[in-house]
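Colleague: I've got this model open on my screen and I'd like a proper guided look at one part of it. Could you start at the loop close to the beginning of the chain and then work inward from there?

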Amino acid sequence: MTPAHASRKESRRLQHADLRQLFMDARTHNGWLNTPVPDEILREIYDIAKFGPTSMNTQPMRLLFLRAAAAKERLKPHLAPGNVDKTMAAPVTVIIGHDLTFYEHLPTQFPHNANAKGVFEGKLPLIEMTAFRNGTLQGAYLIIAARAIGLDCGPMSGFNNAGVDAEFFAGTQVKSNFLCNLGYGDHTKIFDRSPRLDFASVCASL
């Protein structure tokens, strides 16, 4: 590697403090400070996360940000008991869903393939698999984007998907995937970090 290539490689690398903020020090939060998250922050998070890759640029993720007490009350009956208090206390709870009609946007979102829409039309198993996989990826991008601009996140399952879909997405083809509380976390209310599997337990090279 030439010195110029080595310098370029180093210049692209995030600082260790940045990596700690995104991953090593970041935690799933269960308690929240009473600090609001304004709409412009939510827009900024999305405007960062939307650039994460999806297959054929499908972008199936759909987001519903719940901030108002009335909206949270609509969600409350569908939450597992252990998720109620932290969700009611969070400044924002986002429902991360995916749209099963994502392919309708492909003529503009994936113009490289004139038949991109036709790849999916009428093929429900392919539609569902593509929407769920890529919507989940986009939800992960959303978490990283939120952490990158200084928010804390509390992603969670533990809710009735069918109930949430009927309550919030009736009359649409959007299906809920997972929930994520957003705000500024109370660091006195996080659990001790659980162990992670090491490289040798998970990875192989061929």
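Modeller: Sure. Leu14 has a relative accessibility of 43%, so it counts as partly exposed, the class between the 20% limit for buried and the 50% limit for exposed. Bear in mind that this is a predicted model. You'll find Leu14 in the loop between helix H1 (3-12) and helix H2 (16-24). If you skip residues up to four places away in sequence, Leu14 touches Leu19 and Leu22. For a sense of distance, pick Ala116, which is 102 residues away along the chain: its C-alpha atom is 35 Å from that of Leu14. The C-alpha atoms of the whole chain fill a box of roughly 60 × 50 × 40 Å along the principal axes.

Now step past H2 into the loop that leads to H3, where His29 is found. Is His29 buried or exposed? His29 is buried, because its relative accessibility is just 1% and the limit is 20%. The His29 side chain makes a polar contact of 3.5 Å with the side chain of Asp152. Beyond its sequence neighbours up to four places away, His29 touches Asp152, Cys153, Gly154, Gly185, Asp186, His187 and Ile190.

Residues on either side of His29 turn up in the largest pocket: Thr28 and Asn30 are in its lining, and so are Ala26 and Arg27. The rest of the lining is Arg147, Phe191, Asp192, Arg193, Ser194 and Arg196. Sorted by type, that lining has five charged residues, three polar and two nonpolar. The volume of this pocket is about 170 Å³.

Next along the chain is H3, and Ile41 sits in this helix. Ile41 counts as buried because its relative accessible area is 19%, under the 20% limit. Apart from residues up to four places away in sequence, Ile41 touches Ile149 and Leu151. Leu151 is 110 residues from Ile41 in sequence, yet their C-alpha atoms are 9.3 Å apart. Long-range pairs matter across the chain as a count, too: of the contacts with a separation of 6 or more, 82% are between residues 24 or more positions apart.

From here you can move into the largest nonpolar core. This core has 19 residues, and Ile45, Ile96, Cys180 and Leu182 are the ones that touch the most other members. H3 (39-49), strand S2 (92-99), helix H8 (124-148) and strand S4 (174-183) each put in at least two residues, with H8 giving the largest share, five. In soluble globular proteins, nonpolar side chains tend to be buried together.

Click on Leu182 for a good view of the surroundings. Leaving out residues up to four places away in sequence, Leu182 touches Trp32, Val37, Leu42, Ile45, Phe65, Ala90, Pro91, Val92, Val94, Ala146, Asp152 and Cys153. Asp152 and Cys153 should look familiar, since His29 touches them as well. There is also a second, separate core of 13 residues, and Leu79, Val84, Ile95 and Val164 are among them.

Staying with S4, have a look at Ser176, which is found in this strand. Ser176 is buried, because its relative accessibility is 7%, again under 20%. Its side chain joins that of Asp165 in a polar contact of 2.8 Å. Ser176 is in contact with Ile95, Ile96, Gly97, His98, Phe159, Asn161, Val164, Asp165 and Phe169, with neighbours within four places in sequence set aside. That list takes in Ile96 from the largest core and also Ile95 and Val164 from the second one.

One more stop, back after H3. Asn57 and Gln59 are worth a click for their backbones. Most residues other than glycine have a negative phi. Asn57, though, has a positive phi of about 55°, and Gln59 has one of about 50°. Asn57 is in the loop between H3 and strand S1 (61-66), and Gln59 lies in the loop between H3 and S1 as well. Asn57 counts as partly exposed because its relative accessibility is 30%, whereas Gln59, at 19%, counts as buried.

To put all this in context, the chain has ten helices and four strands, and 39% of its 206 residues are buried.

Terms used. Residues numbered from 1 in each chain as written. Predicted model: local features only at pLDDT ≥ 70, side-chain atom pairs only at ≥ 80, totals over all residues. Heavy atoms only, no water. Core = buried A, V, L, I, M, F, W, Y, C linked by side-chain atoms within 4.5 Å. Buried < 20%, exposed > 50% of the residue type's maximum accessible area, 1.4 Å probe, protein only. Contact = heavy atoms within 4.5 Å. 1 Å grid on protein atoms, 1.4 Å probe; cavity = no way out; pocket = protein on both sides within 12 Å on 5 of 7 lines; lining within 4 Å. Points joined across faces, edges and corners; volume = space filled by probe spheres on them. Nonpolar A, V, L, I, M, F, W, Y, C, P; charged D, E, K, R; others polar. Polar contact = N/O pair within 3.5 Å; in protein donor to acceptor, adjacent residues only side chain to side chain.
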